[in-house]
Amino acid sequence: GQPLGPRRLSLKPVPKLPNMEAFLREALAKVKKQARGCLAPELCFQAVRAAAETPFAEGVRRERELFQVLLTSGQARAMQYAFFAERAVRRWATPGGASWSSAAPQPVRRAAVIGLGTMGQGIVASLVKANIPLVALEQDLEYLNKGRKAVMLLLEREAMKMKGGAQTLDFHNPARLQFTVDFDLLHDVDLVIEAVFENMALKKGIFHKLSKICKPGALLCTNTSALNIDEIASATSRPQQVIGTHFFSPAHVMRLLEIIYGRHTSPTAIATAMQLAKALKKVGVVVGNCFGFAGNRMMFPYVQQAVFLLEEGSRPEAVDQVLEDFGFKIGPFRMSDLAGLDVGWRSRKDQGLTGPSLPAGTPARQRQGQRYSPLPDLLCEQGRFGQKTGKGWYQYEKAGGRTATPDPWLHNFLSQYRDTHGIQTRFIDQEEILERCLFSLINEGFAILAEGIASGPEHLD
C-alpha cells in the first residue's frame with residue numbers, strides 16, 4: 001500500500017564483487033590472447049571495466065570516448081575496406097570482355113568430387129553443408145574406404161557444430177552422398193571437382209576420361225594450386241568447360257575460393273563457378289592463369305624471403321613471431337609446417353629447381369640466375385615434412401601434432417649450413433623481417449595487377 005517512488009537503476013551504486021580485480025585481470029589476459037593485434041575487443045573490455053568500477057554516467061562517458069577512438073582508427077578503416085572488397089570481387093571481369101553482368105550461371109543440381117585426400121575430404125564436406133547431392137570417387141576400394149571414414153568423421157564434427165545437429169546434414173543418405181570407384185556414375189553430374197595431388201600427367205588422364213563420360217554441359221573443375229589450366233584443358237574435347245577451383249586447406253573452413261579461367265574457359269563456366277562459391281558460403285575470386293595464380297604466386301616470394309632471413313641469422317620462431325604480432329593469423333614457417341613441406345618440394349622438383357636433374361656445377365644457392373635457398377629441400381630430404389611427420393621447421397609432440405615448439409636440432413642444422421656456405425650470422429631486427437617479407441608480397445601483387453592476372457587490387461586483398 002505504499003506509493004512507489006521512481007527507482008532508476010542507473011543511480012544505484014555498482015555492487016562490488018570481492019574478487020573483481022583478479023577476475024578482470026584474467027578476463028583481459030584471455031581477451032588479449034584471442035584478439036591478437038585487434039583493438040576493438042580490448043576496448044570493449046575497458047568499457048565493461050568502466051561500467052563495473054565507476055558510476056553509470058561516468059561509465060557511459062568512458063564508453064563514448066572508447067568508441068570515438070575505434071571509429072577513427074586505421075583498423076576500422078581497414079575492416080570497412082575488407083567488407084566492401086569482399087563484395088566488390090563478385091563483380092568480375094576478364095581481359096577478353098566477359099563479365100558478371102552478361103554471363104549467367106548454369107544450375108548445379110548434382111556434383112562429383114574425385115580424390116578423397118585431405119583436400120577432397122574438405123571439398124566433399126563443403127558441398128554436403130551446402131546441400132548439394134554428390135558422388136565421391138576414388139581410384140580403388142582401399143583409398144575409397146579410407147576417404148569415406150575420414151569424410152564421415154569430418155561431417156559428424158561439422159554436424160555437432162550446427163544447431164539442428166546431424167538431421168540438418170543428411171550425409172548418411174546415399175541419394176545425397178554416394179561413394180564409388182566407378183567413373184560411369186559421373187555421366188549425369190552438372191559439375192566435377194578433381195582434387196587429386198599436384199601431378200600434371202595424372203590430372204590430364206582424369207580430364208581425358210571425364211570429357212568422354214560427362215554430359216556435354218558439365219563443368220570440369222580442377223583443384224590445383226599452381227598447374228597450368230590450359231594444359232589440363234588440352235586433354236579434353238571441351239576446353240571451354242574447364243576451370244580452376246583452387247580451395248585452400250582446410251577446404252571446409254577456409255573462406256577463399258580462387259577461380260581460374262583458361263584461354264578457352266567460357267563466361268558461363270566462370271559464372272557457374274562463382275555461383276558455386278556463393279552456395280558454399282565462400283568468397284570466390286576470379287583470376288587469370290599463370291604459375292601459382294594470385295594466392296600462391298604472392299606466397300612464393302614471401303616465404304622465400306622468410307627462408308633467406310634464416311640463412312642470414314634468424315630463426316623460424318623469431319620470423320613467425322614478428323609476422324603474427326603484426327597481425328597475420330599464422331607465420332610463414334608454422335604455415336608451411338601445417339600445409340606440408342613436401343608439397344612445395346614436389347613442385348620445385350617438377351620445375352627442375354632441385355634434385356638429380358640439376359646440371360653439374362649448379363651453385364647450391366642459385367637457380368636460373370636468381371638467389372635460391374636449398375634449406376626447405378634439405379629438410380625434406382631428412383623426411384621433415386611438418387606436422388604430418390611431427391618435424392619440420394618446428395618439432396611437434398607426435399606425427400600429426402598441432403603444437404609447434406622450437407627445435408634445437410634445427411638451430412644446430414642452420415648454423416652448420418651457414419658454416420658450409422661461409423655465411424656470417426648477423427642479428428636481424430623486427431623491422432627488417434617485416435619489411436622484407438611484406439614488401440616481397442606487395443611487389444608480387446603489383447606484378448600480378450600489371451599483367452592483368454587480377455582485375456583489381458580488391459581481388460588480391
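**Entry 1. Overall view**

In these notes a helix is a DSSP run (H or I) of at least four residues and a strand is a run (E) of at least two, both numbered from the N terminus. I note at the outset that the structure is a predicted model. I looked up the secondary structure of the protein chain and recorded 17 helices and 10 strands. I then took the dimensions along the principal axes, where the C-alpha atoms fill a box of roughly 90 × 65 × 45 Å. The protein chain has 461 residues, of which 45% count as buried.

**Entry 2. The annotated C-terminal domain**

I consulted UniProt, whose unreviewed entry lists residues 292–396 as "domain: 3-hydroxyacyl-CoA dehydrogenase C-terminal". I record this as an annotation that may be inferred rather than shown by experiment. Over residues 292–396 I found 51% helix and 4% strand. The end C-alpha atoms of this stretch are 29 Å apart.

**Entry 3. Salt bridges**

Side chains of opposite charge can pair when their charged atoms come close. I searched the whole structure for such pairs and obtained 24 salt bridges. I examined several of them individually.

My first case was Lys 161 with Glu 158, where the closest N and O atoms are 3.0 Å apart. Both residues lie in helix α6, which spans residues 141–161. They are three residues apart, about one turn of the helix. I asked whether each partner is buried or exposed. Lys 161 counts as exposed because its relative accessibility is 64%, whereas Glu 158 is buried because its relative accessible area is 5%.

I next looked up Asp 190 and Lys 215, whose side chains meet in a salt bridge at 2.7 Å, N to O. This pair links distant parts of the chain, 25 residues apart. Asp 190 is in the loop between β3 (177–180) and β4 (191–194), and Lys 215 is in the loop between α7 (200–213) and β5 (219–222). With 11% relative accessibility, Asp 190 counts as buried. Lys 215, with a relative accessible area of 30%, is partly exposed, since that class lies between 20% and 50%.

**Entry 4. A network of salt bridges**

I turned to Arg 436 and Glu 312, which form a salt bridge at 2.9 Å, N to O. Which parts of the chain does this pair link? Arg 436 belongs to helix α16 (residues 430–450) and Glu 312 to helix α10 (residues 295–312), so I cite the pair as a link between distant parts, 124 residues apart. Both Arg 436 and Glu 312 are buried. Through shared partners, salt bridges join Glu 311, Glu 312, Arg 365, Arg 371, Arg 426, Glu 432 and Arg 436 into one network.

**Entry 5. Surface patches**

I looked for patches on the surface and noted a positive one and a nonpolar one. The patch of positive charge gathers Arg 87, Arg 90, Arg 91 and Lys 278. Of these, I located Lys 278 in helix α9 (residues 267–279). Lys 278 counts as exposed because its relative accessibility is 59%, and the cut-off for that class is over 50%.

The nonpolar patch is made by Phe 439, Ile 442 and Phe 446 and covers about 330 Å². I placed Phe 439 in helix α16, the helix that also holds Arg 436 of the network above. At 46% relative accessibility, Phe 439 counts as partly exposed.

**Entry 6. Backbone details**

I checked the peptide bonds and recorded the one from Ser 249 to Pro 250 as cis, with omega near -10 degrees. Pro 250 is in the loop between β6 (242–247) and β7 (256–261).

I also looked up positive phi values at residues other than glycine. Asn 131 has a phi of about 65 degrees and sits in the loop between α5 (118–129) and β2 (134–137). Its relative accessible area is 47%, so Asn 131 is partly exposed. Gln 368 has a phi of about 50 degrees and lies in the loop between β9 (366–367) and β10 (370–371). Gln 368 counts as exposed, with 68% relative accessibility.

**Entry 7. A buried residue in helix α8**

I closed with Ile 229, which is in helix α8 (residues 229–233). How far is Ile 229 from Gly 288 in sequence and in space? I recorded 59 residues in sequence and 9.5 Å in space, C-alpha to C-alpha. Ile 229 is buried, because its relative accessible area is 1%.

Notes: Residues are numbered from 1 along each chain as its sequence is written. This is a predicted model: local features need pLDDT of at least 70, side-chain atom pairs count only at pLDDT 80 or more; totals for chains, interfaces and linings use all residues. Side-chain values use heavy atoms; hydrogens and water are left out. Patches are made of residues with over 30% relative accessible area and no salt bridge: like charges are joined within 9 Å, nonpolar side chains (Val, Leu, Ile, Met, Phe, Trp, Tyr) within 5 Å. Accessible areas come from the Shrake-Rupley method with a 1.4 Å probe; for residues, only the protein chains shown count as cover. A salt bridge is a side-chain nitrogen of Lys or Arg within 4 Å of a carboxyl oxygen of Asp or Glu. Lys and Arg count as positive and Asp and Glu as negative; His and the chain ends are not counted. The place of a charge is taken as NZ of Lys, CZ of Arg, CG of Asp or CD of Glu. Buried means under 20% relative accessible area, exposed over 50%, partly exposed in between (1.4 Å probe, protein chains only).
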